[in-house]
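Hi,

Here is the structure I promised to pass on. Have a look at it first, and my notes follow right below.

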Amino acid sequence: MLLRFRALPAVLFVLFLTACSQSQTLQGIFQKSTPHEAYARKLKQAGLAETALGRDWLRAADQALRDSLVVKLPFQESGFFPADRAVATGLRYPVRTGETIHISLTLAPGTQAPKVFVDAYELSPDRRTPRYLASADTTDLSFRYVAEADRQHILRVQPELLRGGRYTLRIRREPSLSFPVKGKNDVAVGSFWGVPRDGGARRHEGIDIFAKRGTPAVASAHGYITRVNETTLGGRVVWLADTDHGQHLYYAHLDKQLVQPGQQVKPGDTLGLVGNTGNARTTSPHLHFGVYRNGAVDPFPFVRRADALAPAPKVLPARLGQWVRARETRLTLRRTPATTGVTAATASRPTPLLVLGATAEWLRVQLPAGGTGFVPAKAVLTATPLRRENLTAAADLRALPSTSALMIAALPAQTAVAVLGEFGGFRLVRQPDGRTGWLAAS
């Protein structure tokens, strides 16, 4: 349901949302942009970027990329979009070359956010701004992409204006290649990338997958065979040009080679049989598997098993969207859900915090001024009233603790309110109808 604000003409905004739900205009068709960028452009074209809420939405999108929180994969969060304010979530996570990153966001039944923008970006030391990677804004809200380098990535999640509800976000790592030895998985890897060889004269440029002699070594991707030969180090080897990912796959120490140069193959096709030819004559049979893309890279992230699901949050869904306060005098907000995480901010006991997300043991909360961080779920309490008041004079109820923030309602004198918290000369109050907002101190 749309909320009515004095700063935003309701009719204009209804027309805008309707337009954004329809098919793309000719401009949108011929101009390359992400769904998030297209929506921001329509905001500006409709003049809504100059409204308080429109400015807040654009500011939140930018801040989510600049001040992202840090998480480890796999990650799962139950989250909340408040309908009465502009929010965006930014989560940063490390990736390895060759990993497939699977992003999925599921909206809870009844969520009033038909369009949610989910965008992945890459941080790079030679770029000032994040590089766009992939996105989704459909009801499926699920996509995958392959990491091209060892980097930090950022995921931004943001609903369209004036839409709210609950969701579940999952970020998992998956292999980008099929496992190259039939019937085996990464448990069979016995020697890893970078291990010293020849007394430290060189490093291992691959992984060794141990299996019985004669076990099929199989194609890990679609492609064609470029070389089938025998070398001093690799023994009987096969090279596969991976046309799916633009790289070359190297199979060494084979007992037999069962393909020919130029042969087209698909994942699972047998290329040869595991052995110990070449410089592996004194070792147990195994496949040396390598990945080359402008030089050798660690193959393990390409073939490692998919992450198990991260633990589900223990917090009740009703806790999402609630205001909470610190149990103790001071509370530390962390940039990552861990007690050793870098401090993002601190909050005093009277400061109300809005719960925007929950992981297994942690809550992601928002400060009244807009910053976010993680706090242990056990470190906060539901914000029960500090006191109750009857307003001595008429007052403006605002969405944020600022005199320039969006005005939600004009409250007449003698309105009964419950004070839930205090921050920066403002107090967070709840009216008898359950609506909350900020009032300047008397």
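R131 is partly exposed, with a relative accessible area of 31%. Keep in mind that this is a predicted model. R131 forms a salt bridge with E122, and their closest N and O atoms are 3.3 Å apart. E122, for its part, is buried, at a relative accessible area of 7%.

There are 21 salt bridges in the whole structure, so here are a few others to click on.

- D396 bridges to R398, with 3.6 Å between the closest N and O atoms. D396 is partly exposed at 36% relative accessibility, while R398 is buried at 17%.
- R66 pairs up with D62, the closest N and O atoms being 2.6 Å apart. The two are four residues apart in helix 4, which means about one helical turn separates them. R66 is exposed, with a relative accessible area of 52%, and D62 is partly exposed at 40%.
- R387, E389, E422 and R427 are linked in a salt-bridge network.

Since helix 4 has come up, a bit more on that. Helix 4 covers residues 52-66, and its 15 residues should span 21 Å at 1.5 Å a residue; the end C-alpha atoms are indeed 21 Å apart. Its buried residues are A52, L53, G54, D56, W57, A60, A61, A64 and L65. What do they pack against? The partners of these buried residues are helix 3 (35-45), strand 3 (89-95), strand 5 (116-123) and strand 8 (151-159).

Those three strands lead on to the sheet. Strands 3, 5 and 8 belong to an open sheet of five strands, in the order 1-3-8-5-6 and with mixed pairing. Strand 1 (69-70) and strand 6 (131-136) are at the edges with a single partner strand each, so one side of each has no neighbour in the sheet. Strands 3 and 8 pair antiparallel over seven bridges, and T89 sits opposite V157 in strand 8.

Further along, strand 23 (residues 330-334) has two faces: L331 and L333 are on the covered one, and R330, T332 and R334 are on the uncovered one. Strand 23 runs antiparallel to strand 24 (residues 343-348), with five bridges joining them. T332 stands opposite T346 in strand 24.

One last thing, on the surface. F192, W193 and V195 make up a nonpolar patch there, with about 240 Å² of accessible area together. W193 lies in the loop between strand 10 (189-191) and strand 11 (196-197), and is partly exposed at 33% relative accessible area.

Cheers

Conventions. Residues numbered from 1 in each chain as written. Predicted model: local features only at pLDDT ≥ 70, side-chain atom pairs only at ≥ 80, totals over all residues. Heavy atoms only, no water. Patch = residues over 30% accessible without salt bridge, like charges linked within 9 Å, V, L, I, M, F, W, Y side chains within 5 Å. Areas by Shrake-Rupley, 256 points an atom, 1.4 Å probe, with all protein chains shown as cover. Salt bridge = Lys/Arg side-chain N within 4 Å of Asp/Glu carboxyl O. Buried < 20%, exposed > 50% of the residue type's maximum accessible area, 1.4 Å probe, protein only. Expected span 1.5 Å × (residues − 1). Contact = heavy atoms within 4.5 Å. Pairing = 2+ DSSP bridges.
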